Amino acid sequence: MKKFAGIIFAVSALLMSLNASSAEKVLVFAAASLTNAMQDINTLFKTNHQDSDITFSFASSSVLARQIEQGAPADIFMSADQTWMNYLIERHLAKDKETLLKNSLVLIAPNTSKLDHVTINGQTNWKAILPDGERMAVGDPNHVPAGLYAKESLTNLGIFKQLEPQLAPASNVRDALMLVERGEAALGIVYSTDAKISKKVKIIGEFPADSFTAIEYPIARLTNNTATDDFYQFLTTPPALAIFEKYGFVTQ
C-alpha cells in the first residue's frame, strides 16, 4: 500500500508540474508609474485566466525600450510617453500602438513640510519654496519620461536653468517619489498617480497642462499569441479601466 500511495503521489506531482509548465507566459514591460495598477489588474485577470502566467518588468520607459532593442523577450510594452514607443516603432520592434491612459504632473513635498499650496506659473517664487541648498527630486531629465515632462514644463515657465543645479535626478519616477518620502529631497516632481499612492507626501501644486506635452501612455503588442492577446484586450475592459482610474489615471 505504501508503494502504491507513493506512485500516486509521484503521478500527481508530475501532473501538477506539467500543468504549471503548460501555463502560457506573458512578459509585460511597463513604466514604473504603472506598478500598483498593473499588479491589481493582474490579480483580477487571473481569476478567470489561471492558465496564463503574467510577469512584469517595471522601470523607466527609456530603460525598457533599450532592453527591448537589445533583445529582451517582452510581449507587451507600456510606455509613459510616446517618444520611447515611437523609438521602438522606428526600429520595427513595435507596431499598432494605441494610447490607453493619460496623467498629470504635480509638485510634492514630505507630509512634514510647512509648504501647503503653491501656485505654479511664470511668476512662482521658486527661491522662496526651494531655498539654496535644498534639492528637488525628478526623473532624470535626460531620458526618464517624468523628468522630460518636468524639464519641458520648467523650461516653458522660464525657470529650468535656474533650478537645474538643485535637481536630484532619479532613475525613474518612483525613485524620485522615494527621495521625497525619505526626506532626502525637499520637493519632487512626479505624476499625480504616484503622489496619490504615497502616505508620506502631499501634493502642493499642479503644473499647468499647457506647459508640457500631454502625458500619454501608449501600449503595443510585441508578439502574437493567445495569452498575450487575452491580457492585452483585458487592459481595455471596464474592470481594468476602473482600476486605472482608482489610481488616478485618466482613461480614454
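Here is a short tour of a predicted model, one selection at a time.

**Stop 1: the sheet.** Start by showing the strands as a cartoon. Six of them make up an open sheet, and reading across it the order is β2-β1-β3-β10-β4-β11. The pairing is mixed. Now colour residues 52–59 and 250–251: these are β2 and β11, the edge strands, and each of them pairs on one side only.

**Stop 2: the β11 edge.** Stay with β11 and add β4, residues 98–103. The two strands run antiparallel and are joined by two bridges. Which residue stands opposite Thr251 of β11? Show side chains here and you'll find that it is Leu101.

**Stop 3: a helix across the sheet.** Next, select residues 61–69, which is helix α3. This helix lies across three strands: β1 (24–31), β2 and β3 (76–78). Line up your view with β1 and you should see α3 running at about 135 degrees to that strand.

**Stop 4: two helices packed together.** Select residues 35–46 for α2 and 238–246 for α11. Their axes are 9 Å apart, and the helices pack at an angle of about 150 degrees. An angle over 145 degrees counts as roughly antiparallel, so that is the label for α2 relative to α11. The crossing of α2 past α11 is right-handed.

Turn on the side chains at this contact. From α2 you want Ala37, Met38, Asp40, Ile41 and Leu44; facing them from α11 are Pro239, Ala240, Ile243, Phe244 and Lys246. By type, the residues of this contact come out as eight nonpolar and two charged, with no polar ones.

**Stop 5: Thr193.** Jump to helix α9, residues 192–197, and pick out Thr193. Is this residue buried or exposed? Its relative accessibility is 2%, so Thr193 counts as buried. To see what surrounds it, select Asn103, Tyr247, Gly248 and Phe249: Thr193 touches these four, leaving aside residues up to four places away in sequence.

**Stop 6: the loop between α4 and β4.** Finish at the loop that runs between α4 (82–90) and β4, and select His92. His92 isn't a glycine, yet its phi is positive, at about 60 degrees. A relative accessible area of 74% makes His92 exposed.

Asp96 sits in the loop between α4 and β4 as well. Check its backbone: Asp96 also has a positive phi, about 55 degrees, although it is not a glycine. With a relative accessible area of 63%, Asp96 is exposed.

Terms used. Residues numbered from 1 in each chain as written. Predicted model: local features only at pLDDT ≥ 70, side-chain atom pairs only at ≥ 80, totals over all residues. Heavy atoms only, no water. Axes fitted to C-alpha atoms, helices over the stretch in contact; angles between N-to-C directions. Helix = DSSP H or I, 4+ residues; strand = E, 2+ residues; numbered from the N terminus. Parallel < 35°, antiparallel > 145°, perpendicular 65-115°, else oblique. Left-handed = near helix turned anticlockwise from the far one by under 90°. Contact = heavy atoms within 4.5 Å. Nonpolar A, V, L, I, M, F, W, Y, C, P; charged D, E, K, R; others polar. Pairing = 2+ DSSP bridges. Buried < 20%, exposed > 50% of the residue type's maximum accessible area, 1.4 Å probe, protein only.
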